[in-house]
Amino acid sequence: MVIPVDRQEGDSLPVSTFVGREDGEFPSGTAAYEKRGVASSVPSWHIDKCIQCNQCSFVCPHSAVRPVLLSDDEVKAAPAGFETAAAKGKGLEGLNYRMQVSVLDCLGCGSCANVCPVDALEMKPLGEEEAQAANWEYAMTVSEKSDKMDKNSVKGSQFCMPYFEFSGACAGCGETPYIKVITQLYGDRMMIANATGCSSIWGASAPSMPYCQDKTAEVLRGQTHCSRTMPSMVSVWLQA
Ligand code: SF4
Ligand code: SF4
C-alpha cells in the first residue's frame with residue numbers, strides 16, 4: 001500500500017487493499033523507508049574540526065544528522081571509511097564518536113552547517129557523499145548509549161533516539177526540531193492528538209509516517225499519533 005501511494009498511484013488501489021484498516025490506521029515509522037535523496041547538497045563532516053557539541057543534530061529538522069557513540073568492538077565492525085574520534089565529555093570515557101549524516105534523508109537546508117561553531121560541516125554535492133548512505137545504515141545498528149550523559153542538555157539529548165524522523169516538512173523547517181527533541185526526551189511514552197495544520201502535514205502525511213517506535217526494545221516503545229481531532233485542539237499528553 002505504501003509504495004503505490006508514494007508513487008501517486010493510490011487511486012488505482014482496490015478497496016480490498018485496506019481490509020483491516022477501516023479505521024484509517026497506518027503503521028508508524030514508514031518515512032524511514034522513503035530514502036528520497038532530494039538534496040542537491042548535503043553536509044560533509046570534518047572530523048578534525050569537530051568539537052562534538054551536537055548542535056548540528058539538535059537543529060536538524062529531519063533527524064538526518066546524528067551523533068553516534070561506539071565501543072571499540074563496534075568501531076572494528078564498521079565499514080571502511082567510517083572514521084571515529086575519541087569521544088569527548090564526562091561519562092563518555094573509552095567510547096568513540098562520529099557525526100553521521102543520512103544523505104538520502106537530508107533535505108539540504110544547511111541549518112546544521114550554519115549552526116556549527118567551528119565550520120566542521122561543509123555542504124557538498126550529494127554525488128560526492130553517496131558513500132555515506134552505507135555508513136548511515138551501519139550507524140543505525142550501533143547500540144544506543146543515551147544513558148552516558150544527562151539528556152537534559154543540548155549535547156546529551158542528541159544521544160537519545162528521536163521518535164520522529166525524516167518528516168516531509170519543508171527544508172529548514174523551524175517547527176520540527178522542537179518536536180524532535182520532545183520525542184527524544186519523552187517519546188517512548190507519548191500520545192499526540194494533532195489538529196489539522198502544518199503539524200499534521202509533516203506529522204502524518206499518509207502513507208509516510210515520521211513518528212516511529214523503537215523496534216529494538218524488548219517492550220515496544222514509541223509514539224501514538226492521532227491526527228485530525230477537533231480543529232481548535234492540539235494537545236500532547238504524557239502517559240504516567
Ligand atoms: S542540511 Fe538540513 S536536513 Fe540535511 S542534515 Fe543538515 S540540517 Fe539536516
Ligand atoms: S555542530 Fe559542528 S562541532 Fe558541533 S557536533 Fe556538529 S559538526 Fe561537530
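Start by selecting Ala85 in this predicted model. Its bridge partner in strand S4 is Tyr97. Now show all of S4, residues 96-101, together with strand S3, residues 85-86. S3 and S4 pair in the antiparallel sense, over two bridges.

Keep Tyr97 on screen and add Leu69, which stands opposite Tyr97. You have just stepped over to strand S2, which covers residues 65-70. S2 and S4 are also paired in the antiparallel sense, here over six bridges.

Zoom out a little to take in the whole sheet. How many strands does this open sheet have, and in what order? There are three, and they run S2-S4-S3 with antiparallel pairing. S2 and S3 are the edge strands, as each of them pairs on one side only. If you like, switch on hydrogen bonds in your viewer: strands of a sheet pair through backbone hydrogen bonds, either parallel or antiparallel.

Stay with S2 and colour it by accessibility. Is S2 mostly covered or mostly open? Mostly covered: six of its six residues are buried. Turn the strand to check each face. On one side you'll find Val65, Pro67 and Leu69, all buried. Flip it over and Arg66, Val68 and Leu70 are buried too.

Next stop: salt bridges. The whole structure has six of them, and we'll visit a few. Select Lys35 and Asp105, whose side chains meet with N to O at 2.9 Å. Lys35 is in the loop between helix H1 (2-6) and strand S1 (41-45), while Asp105 is in the loop between S4 and helix H4 (111-115), so this pair ties together parts that lie 70 residues apart in sequence. Which of the two partners is buried, and which is partly exposed? Asp105 counts as buried because its relative accessibility is 6%, under the 20% cut-off. Lys35, at 26% relative accessible area, is partly exposed.

Now jump to helix H3, residues 72-76. Pick Lys76 and Asp73: they form a salt bridge, with the closest N and O atoms 4.0 Å apart. Both residues belong to H3 and are three residues apart, about one turn of the helix. Look at the accessibility here as well: Lys76 is exposed, at 70% relative accessible area, and Asp73 is exposed at 55%.

For one further pair, go to Asp188 and Arg189. They form a salt bridge too, with 4.0 Å between the closest N and O atoms. Asp188 is partly exposed at 32%, and Arg189 is partly exposed at 36%.

Time for the ligands. Select ligand 1, which sits in the largest cavity. Show the 13 residues around ligand 1, and you'll see that Cys60, Cys106, Cys109, Gly110 and Cys112 come nearest. Colour this shell by class to pick out nine nonpolar and four polar residues, with no charged ones.

Finish at ligand 2, in the second largest cavity. What comes nearest among the 14 residues around ligand 2? The answer is Cys50, Cys53, Asn54, Cys56 and Cys116. Apply the class colours again: the shell around ligand 2 splits into 12 nonpolar and two polar residues, and no charged ones.

Definitions and conventions
Residues numbered from 1 in each chain as written. Chains lettered and ligands numbered in written order. Predicted model: local features only at pLDDT ≥ 70, side-chain atom pairs only at ≥ 80, totals over all residues. Heavy atoms only, no water. Near = heavy atom within 4 Å. 1 Å grid on protein atoms, 1.4 Å probe; cavity = no way out; pocket = protein on both sides within 12 Å on 5 of 7 lines; lining within 4 Å. Sits in = over half its atoms within 2 Å of the grid points. Nonpolar A, V, L, I, M, F, W, Y, C, P; charged D, E, K, R; others polar. Buried < 20%, exposed > 50% of the residue type's maximum accessible area, 1.4 Å probe, protein only. Helix = DSSP H or I, 4+ residues; strand = E, 2+ residues; numbered from the N terminus. Pairing = 2+ DSSP bridges.
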